[in-house]
Amino acid sequence: MLAAVRSAALVGIDAYDVIVEVDAAQGLPQWTIVGLAASAVKESRERVGAALVNSGFKVPPKRITINLAPADVRKEGTAFDLPIAIGILVATGQLASDSVAKRMFVGELGLDGAVRTMRGALSIARHALRVGISTLVLPAANVAEAARVSALDLSAPVTLGDLVRELREGALTQAREFCAGVEPANDATDFSDVVGQHGAKRALEVAAAGGHNVLLIGPPGAGKTMLARRMPTILPKLSEEEALEVIAIHSVAGVLGRSRVTEGMRPFRAPHHTISSAGLIGGGSLPRPGEVSLAHHGVLFLDEMLEFPRHVLDGLRQPMEDARVVIARAAQSVTFPARFTLIGASNPCPCGRAADPLGVCICSVADIERYNARISGPLADRIDMHVTVGAVALRDLSAAGNGDSSPSIRSRVERARATQRIRFARKPGVSCNAFAVGRWLDANTPIRAEARTLLQTAAERLGLSARGYHRVLKVAGTTADLEDEVEVAPAHIAEALRYRPRSGAASTIVGSATSTVAE
């Protein structure tokens, strides 16, 4: 007898149909799994066989052939255990074939028949709704994630025996009751905790408002990490569409339970500087999203950025430009979204004491040049804002009531983001200034004549690339949005120029620009 049960598998963060076909024929007792099944899938015959027996079902001594269609696409993971078990029960006459019609089954089985958690439940739920599935049967631990697809019926049996009993009765128990409400996040960190550093706070507010990349440069103990870790507290909450994308990525990566994205918080990823290129960008023999994708719609924080190997840092260049990562393999290419805000923190020199009035730098000029060269020119050009973070005097550390709180800053950021959403309403995929195409922004940004002249003069004297020119304009547009200004003024251009990488020429031109504005 032949049975066909619908299931699904993942490619990147997207799901596709898999039909689990089971044929139980007379012959020597054996199980054969075909359809480009990986090792974890082939091992399912041991798990499924034990689960069936321990759940009280019969496994007849027949020749059982299991085909995972389409047979030319490699299948990974353990989520085929449940549909294989159901297919065997249908093929051996222990379950009616019409009981699985218009239903999709995914989940791993324990040897005792328990239905265990899996990866990618949200992606599979979204796919099931698109292809007209009436009920998705999945593990109870994945219901809260899949329930975000509100139009799809879910069933979450605890064991295989419970599921088969309900299928025989003709009615599956709806699983909405398993989805408990989520309490809003309560952040213990706040920007008001940071003493001093008014310039760095202003820079991070601009970065949050426009989605700009930032590099914080300063001596050890200046507060670079403290500032960066408070960045999520001033970012707007995830929209529903953004949350679905982020949760899907974290689910595929298997880290959803350790993140706070289900609470509406934007991702904040802070990998160690010993991370590999595959860990940061994504990849591996079984392609998985890297840190840049896990930071999608959030913040990627690289502490001690210059300690990362240069080839690892250079891998960021394409994701920062394209907002996605394409991992090519011989059989297929997998695409992961990667639209993130990069925050880097670095010391000015190997010993960290250069430009620190309280310390003595022991590094030679050659050491400092070699250290700073770990960030390539093209990567530095993609970082909109280079901010110097000075050491805080010890007598100021006990100061109280130090500036705005995170909620007050967030309100200004949200207002600026709302202005940008209106501006880019007809530009799909663009939500803030940092993600806009430079040429379009140059042609459509209202800018005063004197501000345009200042920008062009500075670009020529600084030797800015076309990318650098447009990034200055983007940052200037964000500062104007924060001040509710319709036009970009010279003061906005001057502030944006102060955030460009500093050299001798840069310091001169920025200082001149500031003086011009002051006059």
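1. How many aromatic pairs does a search of the whole structure find? In this predicted model, the search returns two aromatic pairs, and the one formed by Phe424 and Trp440 is described here, with the ring centres 5.5 Å apart. Because the planes of these two rings meet at 50°, the pair is classed as tilted, the stacked class being kept for planes under 30 degrees apart and the edge-to-face class for those over 60.

2. The positions of the two partners along the chain deserve a comment. Phe424 belongs to the loop between α16 (406-423) and α17, whereas Trp440 is part of helix α17 itself, so the contact ties together parts that are 16 residues apart in sequence.

3. Are Phe424 and Trp440 buried or exposed? Phe424 has a relative accessibility of 2% and therefore counts as buried, since the limit for that class is under 20%. Trp440, at 25% relative accessibility, counts as partly exposed.

4. Charged side chains also sit over aromatic rings in this model. Phe424, the buried member of the pair just described, has the charged end of Arg423 over its ring, 5.8 Å from the ring centre. A further case is that of Arg339, whose charged end is placed over the ring of Phe435 at 4.5 Å from the centre of that ring.

5. Turning to internal space, a search of the whole structure finds one cavity of 30 Å³ or more, and the largest cavity holds about 100 Å³ of space. Its lining is made up of 14 residues, and those lying nearest the centre are Arg423, Thr445, Gly477, Asp481 and Val488. Arg423 thus appears both in this lining and over the ring of Phe424.

6. Which elements give two or more residues to the lining of the largest cavity? They are α17 (438-444) and α19 (466-482), and α19 gives the most, with five residues. Helix α17 is also the element that holds Trp440 of the tilted pair. By residue class, the lining of the largest cavity divides into six nonpolar, four polar and four charged residues.

7. Elsewhere in the chain, helix α3 (residues 81-91) is mostly covered, eleven of its eleven residues being buried. Among them are Leu82, Ile84, Ile86, Ile88, Leu89 and Val90, and the buried set also includes Asp81, Pro83 and Gly87. Just after α3 comes Gly93, which takes a positive phi of about 80°.

Note on methods
Residues numbered from 1 in each chain as written. Predicted model: local features only at pLDDT ≥ 70, side-chain atom pairs only at ≥ 80, totals over all residues. Heavy atoms only, no water. 1 Å grid on protein atoms, 1.4 Å probe; cavity = no way out; pocket = protein on both sides within 12 Å on 5 of 7 lines; lining within 4 Å. Points joined across faces, edges and corners; volume = space filled by probe spheres on them. Helix = DSSP H or I, 4+ residues; strand = E, 2+ residues; numbered from the N terminus. Nonpolar A, V, L, I, M, F, W, Y, C, P; charged D, E, K, R; others polar. Phe/Tyr/Trp six-rings, centres within 6.5 Å; stacked < 30°, edge-to-face > 60°. Buried < 20%, exposed > 50% of the residue type's maximum accessible area, 1.4 Å probe, protein only. Lys NZ or Arg CZ within 6 Å of the ring centre and 35° of its normal.
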